[in-house]
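This briefing concerns the enclosed space inside a protein and the molecule bound there. Please look over the sequence and the model before reading on.

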Amino acid sequence: MRVCYKGRSEHFKTVSFEASRNEVVLIEQRLLPHQFKLVSTLDYRATARAIQDMVVRGAGAIGATAAYGLAQGAGAFRGANLERFAAHCLVVYQTLKEARPTAVDPVNAMNDVLAAMLVGESVEEKKALALSAAEEFALNDVRHCRGIGEQGAPLISPGIRVLTHCNAGWLAFVDIGTATAPLYDAHARGVPFHVFCDETRPRCQGAGLTAWELAQEGISHQIIVDNAAGFLMWRREIDLVIVGSDRVLGRTGEVANKIGTYTKAILARRHGIPFYVAIPMSTIDWETRRGWDIPIEERSEEEVCGAWGVDSKGRRAYVRIANPTSGARNPGFDVTPPDLITGIITPRGIFKPRELWKNRSVLKG
Ligand code: MRU
């Protein structure tokens, strides 16, 4: 995606790998929209911390980061003993997997890397295979997002008003994004439309990240507080909802996404508004049998009790909002049942959520 940086318009990926230094390069998302900065993680532990602390966030972006992190960890191994190398890679895999539990993309991405490494006969060969599999995952992420754009663009008719939640834009992937892909595709073809960005408390990915992305692209948009969506739907000011997802169950069509998604789906159903979920293949979990079993990340109380911004010197700063003696509950995600979802937009077509399983040969291939 192109970003105006230091007075110039340049193309950036959210995640990339600097092979000569064995470093993962990330956009420091916690500073956006106030400051655009690239940071590097020097080893796999730092890469896992960057995922956990949300330097990088969003399902596809943490998927690519985990894949690169595994290749990075493998690359740092010294020696030629295959057994020790395998044990080391398992530790790296586990560390990266545990960084954030809800999105399935990191697990799918790292499984691809491990599978590719199997055919290598020496440690050095396996290291090279790990890196090329990670690069392949990142490339596919971009291809899939482009495909979602093509599949979803017909939904964006002239004058339509679209609600989106959290950030499933290019910052949440390697490039382009999922929920935003149909919007970027339609915008590139000159279709006029308007986007309402849910603020998305507590971390405000909608207000900070989606709004910033849309502004970079010159797309008409406004930020709304999370509680305003019902009112705007009732006033017939929202025609369509598109969100991303962190994990879609292939067996049931249940969708885990940022907390508040379920509420928006209920509101959309109440007002007869189509509700779509846009995902790449790496977001499908073919194993888990019930939404109830999806691991839902519980984040810190401080996210609910306060907010981050920048101070007058441009430094990231936290202010406490809530009553100082109160605690908070902070589930990061919720699960939307399939009957509230109009369609799942994938690079291979738009499917009813309950039809994913039936179409698994198309979707897995
Ligand atoms: O906690 P985050 O910012 O990593 O969560 C991301 C989301 O839940 C987004 O809503 C998105 O739809 C899924 S990632 C594409």
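**Ligand and cavities**

The ligand sits in the largest cavity. The model discussed here is a predicted one, and a search of the whole structure finds two cavities of 30 Å³ or more.

**The largest cavity**

- About 150 Å³ of space lies in the largest cavity, whose lining is made up of 18 residues.
- Among these lining residues, Arg57, Gly58, Ala59, Asn167 and Asp246 are the ones that lie nearest the centre of the largest cavity.
- Sorted by class, the lining of the largest cavity comprises seven nonpolar, seven polar and four charged residues.
- Both domain 1 (2-145) and domain 2 (150-364) contribute to the lining of the largest cavity, with at least three residues coming from each.

**The shell around the ligand**

- There are 17 residues around the ligand, and of these Arg100, Gln205, Asp246, Asn257 and Lys258 come nearest.
- Asp246 thus appears in two settings, being among the residues nearest the centre of the largest cavity and among those that come nearest to the ligand.
- By class, the shell around the ligand holds seven nonpolar, six polar and four charged residues.
- The shell, too, takes at least three residues from each of domain 1 (2-145) and domain 2 (150-364).

**Polar contacts and cover**

- In the side chain of Lys258, an N or O atom is 2.7 Å from an oxygen atom of the ligand.
- Two further approaches involve the backbone: an N or O atom of the Gly58 backbone lies 2.9 Å from a ligand oxygen atom, and a backbone N or O atom of Ser245 lies 3.5 Å from an oxygen atom of the ligand.
- On its own the ligand has 400 Å² of accessible area, and the protein covers 100% of that area.

**The second largest cavity**

- The second largest cavity has a volume of about 60 Å³, and its lining includes Met54, Pro202, Arg203, Ile259, Arg299, Glu303, Asn330, Pro331 and Gly332.
- Arg100, Gln205 and Lys258 also line the second largest cavity, and these three residues are among those that come nearest to the ligand.
- The lining of the second largest cavity divides into four nonpolar, three polar and five charged residues.

Technical notes
Residues numbered from 1 in each chain as written. Predicted model: local features only at pLDDT ≥ 70, side-chain atom pairs only at ≥ 80, totals over all residues. Heavy atoms only, no water. 1 Å grid on protein atoms, 1.4 Å probe; cavity = no way out; pocket = protein on both sides within 12 Å on 5 of 7 lines; lining within 4 Å. Points joined across faces, edges and corners; volume = space filled by probe spheres on them. Nonpolar A, V, L, I, M, F, W, Y, C, P; charged D, E, K, R; others polar. Domains from an automatic or database assignment. Near = heavy atom within 4 Å. Polar contact = N/O pair within 3.5 Å; in protein donor to acceptor, adjacent residues only side chain to side chain. Areas by Shrake-Rupley, 256 points an atom, 1.4 Å probe, with all protein chains shown as cover. Sits in = over half its atoms within 2 Å of the grid points.
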